[in-house]
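Here's a quick tour of one model, for anyone who'd like some numbers to go with the picture. Have a look first.

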Amino acid sequence: MAQNGSHPVWWKDAVIYQVYPRSFADSNGDGIGDLPGIIDHLPYLEKLGVDALWISPCFQSPQGDAGYDISDYRKIDPLFGTVDDYETLIRDAHEHGLRIIADMVPNHTSDQHVWFKEAMASEPGSTSRARYIFRDGKGEQGNEPPNNWKSVFGGSAWTREAERQDGKSRQWYLHLFDSCQPDLNWDNPEVRTEFESVLRFWLDRGVDGFRIDVAHGLIKEKGLPPCTERATMVGEDDDKTPSDAPMWDRDGVHEIYRSWHRLLASYPGDRMLVAEAWVKPLSRLARYVRPDEMQQTFNFDYLLCRWNADKYRKIITDSLKAMHEVGATTAWVMSNHDSVRHASRLGLKDAGARPQGIDAAHEQPDEALGLRRARAVIFMTLGLPGSVTLYQGEELGLPDHTTLDRKYRQDPAFFRTDGEEIGRDGCRIPMPWSDKGPSLGFNDTGELWLPQPAQYKNYAVSVEEKDPDSTLALYRALLAARKKHGLGTGALHWAEPRDHVVEFLNSGIRVVLNCGDKPISLPDGKILLSSLPMEEPGQLPANAAVWMTETTD
Ligand code: NOJ
Ligand code: CA
């Protein structure tokens with residue numbers, strides 16, 4: 001594919017669009033999105049103006065955690081298509097000027113992976129078991145789990161194997177997520193060799209990079225010492241101090257990423273790695289993007305930030321500084337398939353908070369206010385230097401499904417916490433492509449793996465395409481202007497701080513975001529784009545944003 005002339009390293013300022021395949025577009029009407037569905041919509045993505053697609057896992061999987069439980073890393077699950085389809089996707093995407101980032105899940109396999117089946121069929125102490133983390137239980141009968149670690153999805157992080165045929169004592173295996181996702185033993189060289197081979201398999205097929213799932217979890221503290229707090233990925237409170245849990249962010253992970261860096265560098269083109277690492281503080285996160293490790297790491301502090309100008313300013317400053325210290329750029333993100341969509345989070349009383357899912361029993365977000373803020377916050381996000389990852393549907397202003405009935409729930413976190421955590425289904429609802437038809441254009445049959453809420457009709461692509469003031473039109477305009485003015489490769493200069501206002505200059509563009517509930521005065525200049533019509537000249541309404549140029553002519 002052609003290199004972008006002015007940017008030799010494409011990922012530094014790339015806008016990456018996360019495709020969640022099962023909910024993007026369904027070509028064969030079975031209710032689950034698939035690879036041909038993505039291929040059909042490449043022109044839409046090209047027109048949107050993004051640079052790359054991150055494709056969430058579509059490898060062979062029993063779908064115990066929506067594909068984050070992989071049973072064969074070299075096959076595509078028939079639900080989504082074939083390896084040929086994936087190759088077609090890569091080729092066609094490249095023809096549309098879009099790079100492809102695959103999703104790699106190295107922390108755990110599925111319990112249906114051949115390695116785990118072999119391990120279960122073999123003896124304690126065998127080489128097959130040494131690929132995973134098996135331990136004897138505590139107590140006289142070994143009835144107690146080997147330590148007190150908790151699963152991110154709730155309950156114990158240990159499951160005991162069923163009755164053994166050979167009469168030997170039943171062991172326990174570690175799973176930081178669901179019991180169908182046994183953790184691999186990354187101290188075992190065989191595991192490292194296998195994953196290098198898997199990475200090569202997909203690099204040989206032309207992927208431009210990998211998003212690395214749970215990048216902070218691969219190495220566990222020696223001896224598996226007890227953990228004092230619940231092993232959540234990150235605290236809900238954005239001020240929470242860093243976790244020192246023995247399963248996260250161990251120094252040993254970095255050697256793995258150094259070896260992958262070398263592997264990717266042996267291929268032509270600027271292939272890249274992006275870490276999903278829920279790590280605090282930013283100085284620890286920056287270690288994942290040192291020059292000989294990964295290229296990007298999602299900035300979850302930004303995602304977790306409340307709707308508060310002081311906090312935004314601080315997180316932006318701290319992030320740019322921390323990443324600059326290791327020579328990296330920042331990868332801004334507001335939504336993904338694990339978090340309530342930001343259009344909904346910004347409509348909560350505690351605006352920007354990240355609840356573990358929302359259902360009818362919870363506070364319902366103010367939809368209009370959330371949308372208004374979501375349209376404003378993207379001015380800040382796309383105005384920043386660095387890379388940005390968008391989550392499918394945010395370009396439409398989609399909210400979560402916040403009243404999805406319990407009977408539809410699929411997220412293992414919902415079941416492992418007995419419904420205490422609602423889980424992530426609400427942000428994974430199939431895309432509305434059309435305001436007509438029983439599945440709003442997701443397919444022709446009306447089959448849906450999760451039902452769409454009634455209001456998705458108003459956000460359909462077909463509706464927003466016709467409306468010059470739609471969120472889709474706004475995203476297209478912002479993405480085009482970001483590229484034209486080179487904001488992604490620019491530098492940020494803060495304006496004099498004002499209460500409730502985030503204001504900075506980047507590459508001749510002045511970005512002004514009003515997080516307050518009253519209008520503010522705008523400096524002189526020409527408004528290039530605005531999230532809302534101005535009610536009074538020179539006044540920026542509450543919960544709104546603009547991009548301005550310095551000149552008034
Ligand atoms: C992070 C992924 O984004 C999430 O969806 C998944 O459940 C966990 N990792 C476990 O793989
Ligand atoms: Ca399908």
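What follows covers confidence, one helix pair and the ligand site.

This is a predicted model, in which local features need pLDDT of at least 70 and side-chain atom pairs count only at pLDDT 80 or more, while totals for chains, interfaces and linings use all residues. Residues are numbered from 1 along each chain as its sequence is written, chains are lettered from A and ligands numbered from 1 in the order in which they are written, and side-chain values use heavy atoms, with hydrogens and water left out.

The chain's mean pLDDT (the predictor's confidence in each residue, from 0 to 100) is 95, and 95% of its residues reach 70 or more. pLDDT stays under 50 over residues 1–5 and again over residues 238–242. Where pLDDT is low, the predicted coordinates shouldn't be read in detail.

Now the helices (DSSP runs of H or I, at least four residues, numbered from the N terminus). Helix 5, residues 189–204, packs against helix 6, residues 253–265, at about 30°, with the axes 11 Å apart. Axes here are lines fitted to C-alpha atoms over the stretch in contact, and angles run from 0 to 180 degrees between N-to-C directions.

On to ligand 1: it has 14 residues around it (a heavy atom within 4 Å), and Asp 65, Asp 213, His 337, Asp 338 and Arg 424 are the closest. Some polar contacts (pairs of N or O atoms within 3.5 Å) to its oxygen atoms:

| Side chain | Distance to an oxygen atom of ligand 1 |
|---|---|
| Asp 65 | 2.6 Å |
| Arg 211 | 2.9 Å |
| Arg 424 | 2.9 Å |

Key: Contact means heavy atoms within 4.5 Å. Helices (H or I, at least four residues) and strands (E, at least two) are DSSP runs, numbered from the N terminus. A polar contact is a pair of N or O atoms within 3.5 Å; within protein, one must be able to donate a hydrogen and the other to accept it, and residues adjacent in sequence count only if both atoms are side-chain atoms.
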